[in-house]
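Hi,

Here is the structure I promised to pass on. Have a look at it, and my notes follow below.

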Amino acid sequence: MKIFMIIMLALIASCKTPAPTTVAVCDFSADSIRLSNKLHNFYDTVLYYYDIEHEGNLRTIDSLINARTPIIITGDRKRLDSAISAMQIANFKLERIRYYLNITLKNPTQDKFLKGWVRRAIE
Amino acid sequence: MADFKKAFDRTAINEGGYTNNPSDRGNWIGKALIGTNKGVSAPVLKDFLGRTPTVQEMKNLSTDTVRAIFKKSYWDVMQGDKWHDQVKAEHVYDMCINAGCSAAIKLWQLAIGAPATGKMNKITIDKTNLV
């Protein structure tokens, strides 16, 4: 069980890079998969986006992300909404696992329930 | 809008029958081991009935009663009828059943970048329904 917990903690740590604050965005018409991965890696949460024309290209977006600057997303709204929804749900699953881990760290007698809780969280 | 019936049917798959594991805090009311049935813990049934339930009442819980409890204690508290996205609503509803609505709503607020109050409010609903 301890090994399982360590693996889960490492997974969470790798998914949640520190720092991010605000808004992510991107021009999904450019390279949606690559940019979607960037959102996962560099931002906790996508809070808002704006329908503002932005002549971004990959190089511009790279520099903005590296500077941890809020970026504006443009592009196909349906694809964007879908990506943001998926990220919100992924964030929720991670928060849920973190919550369960905290319970077991505070009260090791609850260890026996952890596997089932995590399985349910990620379903 | 999200549909309670769909959420209820989906979550029911995860919930088992009667159990009374003493190390599960949700099975106790004070010093009385009441148990859990169909996802309804002892304290939740107590809140619903307005009194401490008996073990037999817990064992005899009907699906209709469970549905009424879940609607009142979880779905309505998270304002599920106002959610546009069924999948998001079902995730949070499932956590409500598992850990209570205050924890579930707080984790959802953290996930979407809303103020983490643990109470459903207009800001959270608006952010949830933004996409």
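How many disulfides does the structure hold over all chains? The count is zero, taking a disulfide as a pair of cysteine sulfur atoms within 2.5 Å. Two cysteines of chain B are buried (under 20% relative accessible area, with exposed over 50% and partly exposed in between; 1.4 Å probe, protein chains only): B:Cys96 has a relative accessible area of 0%, and B:Cys101 has 8%.

Before you go further, this is a predicted model, where local features need pLDDT of at least 70, side-chain atom pairs count only at pLDDT 80 or more, and totals for chains, interfaces and linings use all residues. Residues are numbered from 1 along each chain as its sequence is written, chains are lettered from A and ligands numbered from 1 in the order written, and side-chain values use heavy atoms, without hydrogens and water.

You may like B:Lys88, in helix H5 of chain B (helices are DSSP runs of H or I, at least four residues; strands are E, at least two; both are numbered from the N terminus). B:Lys88 is buried but has no salt bridge, meaning a Lys or Arg side-chain nitrogen within 4 Å of an Asp or Glu carboxyl oxygen. The nearest side chain of opposite charge, B:Asp85, is 4.7 Å away. Leaving out residues up to four places away in sequence, B:Lys88 touches residues including A:Ser85, A:Gln88, B:Trp83 and B:Trp108 (heavy atoms within 4.5 Å).

Lastly, B:Gln79 is not a glycine, yet its phi is positive, at about 55°. B:Gln79 sits in the loop between helix H4 (63-75) and helix H5 (86-99) of chain B, and is partly exposed at 23% relative accessibility.

Best wishes

Notes:
Lys and Arg count as positive and Asp and Glu as negative; His and the chain ends are not counted.
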